Amino acid sequence: MSRRAGRAMEIGGALVLGVIAGALCEAARIPLPWMLGPLTAMAVARWCHVPLALAPGGRHAGQLVIGVALGLYFTPEVGRQVLIYGGWMVALGLAAIGIGGVCARVLSRLAGVDAATAFFASVPGGAAEMAVLGRRYGASVPHVALAHSVRILLVVVIVPGGLAAAGVMGSDPYAPGPSAVRPEGLALLLVGAFAAALLAQRARVPNAWVMGPLSLSVGLTLAGVHLSAIPGWLSALGQLLIGIALGERFAPDFLRAAPRFALALLVSVAVALVLAAALGIVLAEHSGLGLPAMILAAAPGGIAEMCVTAKVLHLAVPVVTAFHVVRFVLVVTLSGPLFHLARSLARAG
């Protein structure tokens with residue numbers, strides 16, 4: 001068998017496995033079936049060294065679809081409402097960095113890693129962005145990348161499952177601006193989103209394949225331009241591709257080689273989840289927003305994963321999305337300078 005044919009079988013096998021796992025999870029009424037099913041199946045396959053792989057660009061394609069779908073919720077009325085909570089969004093973003101600092105202390109003590117590695121492995125930003133920042137300050141890039149992969153995997157499994165087990169199903173009056181699927185409009189929307197993602201990537205915007213399409217979709221919806229709704233099958237496909245991408249990151253060889261770090265990660269993520277849940281409770285009490293939505297807004301997961309959860313559970317999708325976008329921007333822009341300041345003060349003391 002040629003190398004190209006073998007690669008095609010790996011990609012095809014991953015897609016087939018993801019579809020089967022997603023369908024089984026949907027039949028079993030497991031929350032977020034088209035993400036959790038493929039994620040779990042792919043992680044197990046990786047653990048068993050089954051040769052499966054996501055198609056090149058698959059993760060980006062999934063992020064593009066989710067970014068567009070989330071942006072369709074930002075009608076002019078919703079946009080005005082989101083602005084009201086801007087202060088709370090900034091406060092949550094700063095608090096997320098503080099929680100990351102606490103978890104960094106836990107990780108450093110339990111795993112015995114240096115301060116830079118512990119900090120950039122614990123602050124809830126994107127894996128790629130935190131790895132790049134960590135490299136500048138001497139952090140171990142493999143440890144940082146692994147930590148964020150494990151964090152997102154655990155949060156995606158625990159948070160939706162916990163909310164579903166608690167019987168949470170929102171009734172927030174948020175709906176996408178466009179309600180009908182128009183093939184021509186959908187094609188134009190996706191082409192525009194692809195161009196927006198490429199522009200964002202060229203401009204070195206973090207998480208470009210979510211932020212670019214999301215920005216375009218938000219802009220069009222706020223302006224009252226409704227090209228098309230996103231069909232259910234396409235949304236499920238986006239979730240499936242992200243789920244496979246998350247499961248593909250599972251690195252059993254590294255976990256076996258660094259069991260102390262792996263165990264410390266579990267404790268650190270548990271601490272982050274508890275502190276984030278407490279922060280969500282405080283936000284709900286003082287902002288007037290719903291408790292489940294605020295717990296989801298404060299959860300230390302990725303933008304796409306947490307906002308898809310809000311969409312599936314009908315929990316204030318645009319508000320949760322805005323909270324996560326603001327947090328992401330603050331974490332990416334402030335984590336490096338704040339770590340540098342803290343290290344300088346520690347050396348001076």
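This report walks through the pockets, the enclosed cavity and two helix pairs of a predicted model.

## The largest pocket

Let's start with the open space. The largest pocket has a volume of about 690 Å³. Its lining is made by 35 residues, and those nearest the centre of the pocket are G126, A128, E129, P206 and N207. If you have the structure open, these five residues are a handy way to find the spot.

Many helices take part in this lining. Those that give two or more residues to the largest pocket are α3 (58–71), α7 (127–136), α8 (141–165), α9 (183–202), α10 (208–222), α11 (232–248), α15 (303–313) and α16 (317–348). Helix α7 gives the most, with six residues. As for chemistry, the lining of the largest pocket holds 19 nonpolar, eight polar and eight charged residues.

## The second largest pocket

The second largest pocket takes up about 340 Å³ of space. It is lined by 13 residues, and G101, R105, F119, F339 and A342 are the closest to its centre.

Helices α5 (86–111), α6 (115–122) and α16 each supply at least two residues of this second lining. Helix α16 also gives two or more residues to the lining of the largest pocket. Sorted by class, the lining of the second largest pocket has nine nonpolar, two polar and two charged residues.

## The enclosed cavity

What about space that is closed off? The count comes to one cavity of 30 Å³ or more, and about 160 Å³ of space lies in the largest cavity. There are 18 residues in the lining of the largest cavity, with S122, P124, R151, A272 and P300 the closest to its centre.

Helices α5, α6, α8 and α13 are the elements that give two or more residues to the lining of this cavity. Helix α13 gives the most, with six. The classes divide into 13 nonpolar, three polar and two charged residues.

## How α6 meets α8

Two of the helices that line the cavity, α6 and α8, also pack against each other. Their axes come within 8 Å and cross at roughly 30 degrees. That angle makes α6 roughly parallel to α8, and the crossing of the two is right-handed.

On the α6 side, the residues that meet α8 are T117, F120 and A121; on the α8 side, their partners are H143, V144, A147 and H148. By class, this contact has four nonpolar and three polar residues, and no charged ones.

## How α13 meets α14

Helix α13 (residues 259–287), which gives the most residues to the lining of the largest cavity, also packs against α14 (residues 291–298). The angle between α13 and α14 is about 135 degrees, with their axes 8 Å apart. That makes α13 oblique to α14. Here, too, a right-handed crossing is found, with α13 passing α14.

The residues of α13 that meet α14 are A276, A277, G280, I281, L283, A284 and S287. Facing them from α14 are L291, M294, I295 and A298. The contact of α13 with α14 has nine nonpolar and two polar residues, and no charged residue takes part.

Key
Residues numbered from 1 in each chain as written. Predicted model: local features only at pLDDT ≥ 70, side-chain atom pairs only at ≥ 80, totals over all residues. Heavy atoms only, no water. Axes fitted to C-alpha atoms, helices over the stretch in contact; angles between N-to-C directions. Helix = DSSP H or I, 4+ residues; strand = E, 2+ residues; numbered from the N terminus. Parallel < 35°, antiparallel > 145°, perpendicular 65-115°, else oblique. Left-handed = near helix turned anticlockwise from the far one by under 90°. Contact = heavy atoms within 4.5 Å. Nonpolar A, V, L, I, M, F, W, Y, C, P; charged D, E, K, R; others polar. 1 Å grid on protein atoms, 1.4 Å probe; cavity = no way out; pocket = protein on both sides within 12 Å on 5 of 7 lines; lining within 4 Å. Points joined across faces, edges and corners; volume = space filled by probe spheres on them.
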